[in-house]
Amino acid sequence: MRLLETTQSLQQWRTESGMSTGVLGFVPTMGALHQGHISLLKKAKEQCAGVLVSIFINPTQFNNPDDLKKYPRILEKDLQLLENHDCDAVFVPSESAIYPTGLNVSQWDFGLLSNSLEAHYRPKHFDGVLTVVKRLFELVQPQLAFFGEKDFQQLCLIRAMTEFERLPVKIISCPTMREADGLAMSSRNLRLSAEERKVAGRISQVLGWAVSQKERIPPRELAGSALGLLSQTRGLRPEYFEIVDSETFEPLLAWDSSSPIALAAAYVGSVRLIDNMWL
Ligand code: AMP
């Protein structure tokens with residue numbers, strides 16, 4: 001596996017390895033890798049001649065400075081895991097390689113997609129995400145890029161931005177990988193204490209309960225009850241539980257959407273977790 005730390009070495013690798021002509025798959029990450037990330041790498045390997053994973057903790061997408069400071073950093077372990085899974089190259093750029101003119105972010109507006117749920121609770125977060133993804137696409141120039149449904153709103157926004165900017169890359173979505181108790185795998189799970197880790201499993205349980213109640217209870221009422229269940233859980237502080245149409249992000253008023261999805265965000269201690277499930 002090649003370790004690429006500069007944009008020059010990245011371009012050289014693309015030319016030398018034939019990646020400027022073959023299908024290059026790209027998996028952007030912020031490191032602290034787990035089996036969720038590895039599932040993206042595996043899917044990319046099935047579909048591409050070569051796969052590049054990037055590890056870059058993007059400062060502009062953290063609306064909370066404490067979250068940025070405490071974000072897990074375990075680069076050596078990450079590199080070993082990628083090597084063990086036959087990753088072809090890993091790009092670990094410096095901040096100045098990604099932001100050569102300072103931490104400037106672009107702005108996009110895709111209506112509800114840009115303004116609701118995560119965007120509401122994490123102002124400017126998605127502008128940071130889309131800015132870094134666009135920059136990485138320009139540098140890496142992949143044909144296919146792989147993103148997890150775990151960050152569903154992010155996935156939809158990346159699709160929208162890629163289309164709007166007419167970037168020549170196809171976005172491939174990958175299902176959420178979960179721990180045995182249902183907790184969605186996340187780098188932030190590393191920050192949970194043993195007690196908090198137990199509590200965190202409740203988020204996916206309540207999402208699963210909502211799935212089981214589909215069409216028995218009107219969507220608004222169901223979302224309200226699910227939020228209530230999360231609120232009643234000791235150690236959990238939910239921010240939202242919403243049932244929306246997965247295309248428009250309009251909250252569902254009746255079961256008339258062909259692709260409804262439930263999305264939730266909650267704090268467990270000081271760790272903010274998100275999850276979602278198709279209904
Ligand atoms: P992150 O390192 O958290 O920025 O995530 C990098 C990529 O991995 C994003 O496309 C995420 O959606 C995806 N990802 C994170 N957690 C999971 C998971 N549990 N299952 C599948 N994909 C995931």
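At 55% relative accessibility, Glu215 counts as exposed, the cut-off for that class being over 50%. The model is predicted. Glu215 is not a glycine, yet its phi is positive, at about 70°. The residue sits in the loop between helix H10 (194–212) and H11.

A second non-glycine residue, Leu117, also has a positive phi, of about 45°. Leu117 belongs to the loop between helix H6 (112–115) and helix H7 (118–121). Its relative accessible area is 9%. Leu117 is therefore buried, as the limit for that class is under 20%. A positive phi, near 55°, is found too at Arg166, which follows H9.

The neighbours of Leu117 in sequence both meet the side chain of Gln153. The backbone oxygen of Ser116 is 2.9 Å from a polar atom of that side chain. The backbone nitrogen of Glu118 lies 3.0 Å from a polar atom of the Gln153 side chain. Gln153 itself is part of helix H9. With a relative accessible area of 3%, Gln153 is buried.

Helix H9 covers residues 152–164. Its 13 residues, at 1.5 Å a residue, should span 18 Å. The C-alpha atoms at its ends are 18 Å apart, so the expected and modelled spans agree. Most of the helix is covered, with 10 of the 13 residues buried. The buried set includes Gln153 and Gln154, as well as Leu155, Leu157 and Ile158. Cys156, Ala160, Met161 and Thr162 are also among them. So is Phe152.

Phe152 also takes part in an aromatic pair, with Trp278. The geometry is edge-to-face, with ring centres 5.3 Å apart and 80° between the planes. Phe152 lies in helix H9, while Trp278 lies in strand S9 (residues 271–278). The pair therefore ties together parts that are 126 residues apart in sequence. The two partners fall into separate accessibility classes. Phe152 counts as buried, at 6% relative accessibility. Trp278, at 39%, counts as partly exposed.

In the whole structure, a search finds 8 aromatic pairs. Phe137 and Phe147 make up one of the edge-to-face pairs, at 6.3 Å centre to centre and 70° between the planes. Helix H8 (residues 125–140) holds Phe137 and strand S5 holds Phe147, so this pair joins parts 10 residues apart in sequence. Phe137 has a relative accessible area of 5% and is buried. Phe147 counts as buried as well, at 5% relative accessibility. Together with Phe26, these two residues form one aromatic cluster.

Strand S5 also contributes to the ligand site. The shell around the ligand has 16 residues. At least two of them come from each of strand S2 (24–29), helix H2 (35–47) and strand S5 (144–148). H2 gives the most, with 3 residues. By character, the shell divides into 8 nonpolar, 6 polar and 2 charged residues. His37, Gly148, Asp151, Met177 and Met185 come nearest to the ligand.

Polar contacts to the ligand involve three of these residues by name. For Asp151, an N or O atom of the side chain lies 2.7 Å from an oxygen atom of the ligand. For Met177, a backbone N or O atom is 2.9 Å from a ligand nitrogen atom. For Met185, a polar backbone atom is 2.9 Å from a nitrogen atom of the ligand. On its own the ligand has 490 Å² of accessible area, and the protein covers 92% of this.

Helix H11 (residues 219–231) contains Leu229. The relative accessible area of Leu229 is 25%, so this residue is partly exposed. Leu229 and Val206 are 23 residues apart in sequence. In space, their C-alpha atoms are 7.1 Å apart.

Note on methods: Residues numbered from 1 in each chain as written. Heavy atoms only, no water. Near = heavy atom within 4 Å. Polar contact = N/O pair within 3.5 Å; in protein donor to acceptor, adjacent residues only side chain to side chain. Areas by Shrake-Rupley, 256 points an atom, 1.4 Å probe, with all protein chains shown as cover. Helix = DSSP H or I, 4+ residues; strand = E, 2+ residues; numbered from the N terminus. Nonpolar A, V, L, I, M, F, W, Y, C, P; charged D, E, K, R; others polar. Expected span 1.5 Å × (residues − 1). Buried < 20%, exposed > 50% of the residue type's maximum accessible area, 1.4 Å probe, protein only. Phe/Tyr/Trp six-rings, centres within 6.5 Å; stacked < 30°, edge-to-face > 60°.
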